[in-house]
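Here are two short exercises to work through with the model open in your viewer. Try each task before reading its solution.

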Amino acid sequence: MASANACSLPSHKCFSTCPPFFIPSVKYSSSSINYKQLSNPTYKQILSSSRFKNDIMCHSLNAEMSSSSLTGDKFQLDDVIEAQQFDRDSLNAIFEVAREMEKIEKNSTGSTILKGYLMATLFYEPSTRTRLSFESAMKRLGGEVLTTENAREFSSAAKGETLEDTIRTVEGYADIIVLRHFESGAAKRAASTASVPVINAGDGPGQHPTQALLDVYTIEREIGRLDGITLGLVGDLANGRTVRSLAYLIAKYQNVKIYFVAPDVVKMKDDIKEYLTSMGVEWEEISDLMEVASKCDVVYQTRIQRERFGERVDLYEEARGKYIVDEKVLSVLPKHAIIMHPLPRLDEITVNVDSDPRAAYFRQAKNGLYIRMAILKLLLLGWGER
């Protein structure tokens with residue numbers, strides 16, 4: 001695809017003595033060219049020089065090569081891979097668009113801003129809410145969907161095709177790819193390969209950034225603030241990609257306190273604890289759920305993930321059922337507080353909790369639609385269409 005804004009970076013005179021060993025892939029949009037990756041340090045240095053910037057006629061060059069970049073008072077989103085890529089300003093901007101998307105969803109006439117765009121969902125692990133909410137989001141904005149529900153078993157991956165080859169093929173059919181994979185880091189690999197936007201819909205025990213976005217959005221809507229909140233993260237914290245991503249995001253806010261409540265075999269991993277400490281976030285591991293619930297604005301319950309234990313059924317049984325949110329927990333939970341869960345649940349929240357107004361998990365799931373509509377709009381159109 002040709003572009004009037006295209007530039008031939010390797011032809012620049014600075015490369016005569018230091019040719020790059022990696023030519024960046026290019027993402028085209030209606031308003032700019034986005035360079036996704038630059039792995040050569042000298043290449044980055046040249047791009048950051050003011051003399052080089054004056055020599056080329058390009059839009060949106062980002063020498064730091066993050067997945068989002070500021071453009072004036074707004075930011076440009078290229079991929080959604082991990083929670084760390086967002087700051088408070090970009091979160092506020094996404095939430096602003098999500099509120100607009102809620103208005104669109106409630107309007108019976110809908111929207112056609114993504115008419116002509118195709119989204120491919122590649123899911124190598126089971127999903128109900130994430131896949132359906134992405135597909136609903138795309139259709140509500142006028143786009144179309146190509147879907148593979150169980151790509152691990154029913155795609156060419158079963159024949160031994162690499163993820164990179166699959167991505168290179170699918171990007172020829174679609175304008176954006178939503179990927180769920182069983183390996184941590186798979187989304188980064190996909191994004192480094194693709195020339196179209198990639199959204200991480202969960203990569204094994206790694207991260208689930210769009211879930212974290214909708215979680216923080218839900219907390220803001222329900223509690224009314226994000227600074228100064230106290231959270232209790234409960235359940236499978238070692239394998240739970242949702243709580244990992246949430247911890248990364250909530251660390252952007254001030255005076256946050258996090259309690260980790262988990263069986264010994266699935267405690268929160270050290271990398272998250274170290275990150276929170278580096279960000280000045282106070283955290284504490286505690287074994288008494290009742291004590292934590294009495295102090296929290298948010299109790300975020302998760303299921304013990306049987307699929308992450310392999311053949312160690314004994315460890316799974318040891319962890320399952322240790323922490324259950326029930327009427328006893330509700331009796332000590334502050335009146336303003338909420339209970340969240342990324343779903344699906346098994347028995348870690350009893351069904352009689354559902355009728356309590358503090359049970360926010362189905363409202364939380366609904367918010368996922370608005371956040372994913374916002375993400376699709378920003379990735380495919382930027383800020384140009386309203």
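Two strands pair if DSSP finds at least two bridges between them; helices (H or I, at least four residues) and strands (E, at least two) are DSSP runs, numbered from the N terminus. This is a predicted model, in which local features need pLDDT of at least 70 and side-chain atom pairs count only at pLDDT 80 or more, while totals for chains, interfaces and linings use all residues. Residues are numbered from 1 along each chain as its sequence is written, and side-chain values use heavy atoms, with hydrogens and water left out.

**Exercise 1. In which order do the five strands of the open sheet lie, and what surrounds S12?**

Step 1. Start with the layout: the order is S11-S10-S9-S12-S13, with parallel pairing. Strand S11 (282-285) and strand S13 (338-340) are the edges, each pairing on one side only.

Step 2. Now follow the bridges. Strand S9 (residues 230-234) and strand S12 (residues 298-301) run parallel and share four bridges; glycine 232 has valine 299 as its bridge partner in S12. On the S13 side, three bridges join S12 to S13, also in parallel, and valine 299 stands opposite isoleucine 339 there.

Step 3. Check the faces, taking buried as under 20% relative accessible area, exposed as over 50% and partly exposed as in between (1.4 Å probe, protein chains only). Val298 and Tyr300 on one side of S12, and Val299 and Gln301 on the other, are all buried, so both faces are covered.

Step 4. Finally, add helix H8 (residues 209-223), which lies across S9, S12 and S13 and runs at about 165 degrees to S13. Such angles run from 0 to 180 degrees between N-to-C directions, with axes fitted to C-alpha atoms, for helices over the stretch in contact (heavy atoms within 4.5 Å).

**Exercise 2. How are the rings of tyrosine 248 and tyrosine 275 arranged?**

Step 1. Set the rule: rings of Phe, Tyr and Trp (its six-membered ring) pair if their centres lie within 6.5 Å; planes under 30 degrees apart are stacked, over 60 edge-to-face, and the rest tilted. The count comes to five aromatic pairs.

Step 2. Apply the rule: the centres are 4.7 Å apart and the planes stand at 70 degrees, so tyrosine 248 and tyrosine 275 are edge-to-face.

Step 3. Place the pair: tyrosine 248 sits in helix H9 (residues 241-250) and tyrosine 275 in helix H10 (residues 270-278), 27 residues apart. Both tyrosines, 248 and 275, are buried.
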